[in-house]
Amino acid sequence: MRKVLIYTALLVVTLFSVGPFIWMLSTSLKPASQVLTSTPSLWPHPIEWSNYAAAWTSAPFGRYFLNSLFISGVETLFDLTLGAMAAYAFARLEFAGKRTLFLALLATLMVPGELLLIPNYITVAKLHWMSTYQGIIVPWLVSVFTIFLMRQFFLSMPGELFEAAQMDGLNPVRTLFQIVMPLTKPVWITAGLIKFIGSWNSFLWVVVVSNSQNLDTVPVGLMNFTSDVGTEYNQLMAAATFCMVPLAIVFLIGQRYFIEGIARSGIR
Amino acid sequence: MTLKARRTITAYLMLFPTLILLAVFTLYPIVESFVISFFRWDMISPHKQFVGLRNYVQIFQDPLFHRAVANTILFVALYVPIVMALGLGVALLLNAKIRLRGFFRTAIFLPYVTSIAATGIIWQWIFNDQFGLLNDLLRQIGIQGPDWLNTPQDTMICLVTLSVWQSLGYVSVLFLAGLQNISREYYEAARVDGAHGWNLFRHVTWPLLSPTTFFVLLISTIEAFKVFLPVYVLYGATDGPNDSGLTMLYYMFTEGFSDYRMGYASASAYILFVIILACTLLQMTLQRRVHYES
């Protein structure tokens with residue numbers, strides 16, 4: 001009896017969470033006559049696949065996807081490489097000023113990113129990086145979150161490993177990438193997924209620093225598409241679907257790493 | 001060169017790119033936005049006019065800012081308790097001995113990883129007054145739903161619904177991690193003493209979960225004070241009917257990126273920052289007190 005209640009409650013919550021996506025899929029496959037009706041049905045009849053083609057061709061979505069892939073890819077690559085090096089230094093090297101620097105890093109976590117919006121906008125303008133890839137990408141190449149996540153992981157590894165590497169004459173950079181990295185794949189996947197998904201979804205910064213459609217990412221392109229199409233909800237939902245599906249697949253494949261990484265950030 | 005000096009050089013070489021980037025795009029902006037909050041500057045003219053505290057004075061006198069503060073506080077007051085209560089409830093359900101835990105967890109988490117640009121459109125469609133799903137469901141139980149997105153009184157309902165829907169999975173996962181962190185031994189000991197059901201929750205789970213609860217409370221409050229994107233996507237880059245969705249961050253955004261009053265916008269950003277900082281400090285003090293007492 002208790003089990004039944006638990007499953008029922010979970011099903012209700014799941015329906016609340018997933019329902020809007022089901023409604024999106026349903027609408028995206030409906031002919032126009034079935035969309036604007038006050039007695040909507042969940043099942044599209046007939047199934048109108050052409051909504052997808054119509055939505056895809058009415059804005060340069062291919063370009064948006066390439067932009068998003070490039071921007072998120074570069075940000076993730078740099079974030080992992082630079083973040084791992086910084087994390088390694090904090091976890092495994094003794095040096096002057098370590099404590100102070102680490103506290104400063106901690107303090108930046110207290111600052112809301114939105115406070116940085118205006119001054120960073122001014123900086124990018126001064127660098128003449130408005131409406132350029134570097135203007136969109138460079139401010140987000142490192143994230144303190146990645147450094148903390150990796151540092152925790154590196155700290156928990158046995159010290160003998162690092163002593164052995166040092167005895168073999170490996171410098172810290174080679175130790176990190178040749179010895180530590182293959183042994184710590186999960187944390188790289190976790191950090192990479194969190195950065196990639198976060199970067200893919202962030203769109204306020206792109207809206208602010210770019211006014212060129214050629215640089216628009218998927219979320220920005222989708223927003224603009226919304227204001228162009230107006231009330232053709234079947235096409236809007238088709239666009240929303242193909243914009244979210246690739247990332248949803250990435251999430252579903254890596255969800256264990258992703259969710260556990262997020263969960264770990266709560267346990268201090 | 002001593003070994004210590006060499007080690008320090010190696011470490012700084014590894015830290016160098018990170019430190020440069022953080023200095024330019026995180027540390028410097030914190031100072032820079034404080035400085036320009038005392039100036040009047042439109043980004044075009046080469047000259048910045050020093051105005052002292054006038055930006056701050058003007059903001060505090062602006063009725064629109066009062067509106068933004070009131071809306072933001074209302075949002076925080078609605079969103080934080082709802083998302084925390086539901087999140088804890090879902091976490092307790094997921095922590096029970098059930099099959100398909102992974103499936104439920106992933107499904108509930110999905111909205112959190114989906115771009116709000118996409119989910120905003122979906123909810124716009126759900127809230128549509130004539131053809132939307134919500135009013136259709138209401139009609140089936142005999143209620144004529146309002147024009148959700150064009151009625152100022154309903155703006156907060158829409159914003160809180162979208163935000164709770166989006167963050168529920170995240171909050172649940174944080175609570176679930178906290179629950180799984182509580183050692184089984186406590187429960188067993190309490191059961192031996194005859195505790196079960198509500199008593200078990202009240203005297204074992206709730207006190208032992210309090211570090212997680214405080215963490216979630218802090219994170220959700222900060223996020224709620226910074227609410228912006230739900231307004232932006234749900235109301236098509238406007239602040240809702242009759243400014244009913246104007247939040248503090250929306251106010252900053254308009255001043256900065258529509259009117260290009262950079263000093264003024266920075267001042268409003270700093271006010272928000274100070275409020276968030278005050279919340280953080282307040283909650284940290286409270287948390288310390290709770291811990292000493294238990």
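**Exercise 1. Work out how many residues each chain gives to the contact between chains A and B, and what chain A's side is made of.**

Step 1: Chain A puts in 70 residues and chain B puts in 73, where contact asks for C-beta atoms, placed from the backbone, within 7 Å. This is a predicted model, where local features need pLDDT of at least 70, side-chain atom pairs count only at pLDDT 80 or more, and totals for chains, interfaces and linings use all residues. Residues are numbered from 1 along each chain as its sequence is written, with chains lettered from A and ligands numbered from 1 in the order in which they are written.

Step 2: On chain A's side, helix 14 of chain A gives the largest share, 14 residues. Helices here are DSSP runs (H or I, at least four residues), numbered from the N terminus.

Step 3: Sort chain A's side by type: 55 nonpolar, 13 polar and two charged. Nonpolar covers Ala, Val, Leu, Ile, Met, Phe, Trp, Tyr, Cys and Pro; charged covers Asp, Glu, Lys and Arg; the others, Gly among them, are polar.

**Exercise 2. Describe how helix 14 of chain A packs on helix 5 of chain B.**

Step 1: Helix 14 (residues 233-264) of chain A meets helix 5 (residues 116-126) of chain B at about 150°, axes 9 Å apart. Axes are lines fitted to C-alpha atoms over the stretch in contact, and angles run from 0 to 180 degrees between N-to-C directions.

Step 2: The two helices are therefore roughly antiparallel, the word for angles over 145 degrees.

Step 3: Among the residues making this contact are Y233(A), M237(A), I121(B) and W125(B). The contact's residues split into ten nonpolar, no polar and no charged.

Definitions and conventions
Parallel < 35°, antiparallel > 145°, perpendicular 65-115°, else oblique. Contact = placed C-beta atoms within 7 Å.
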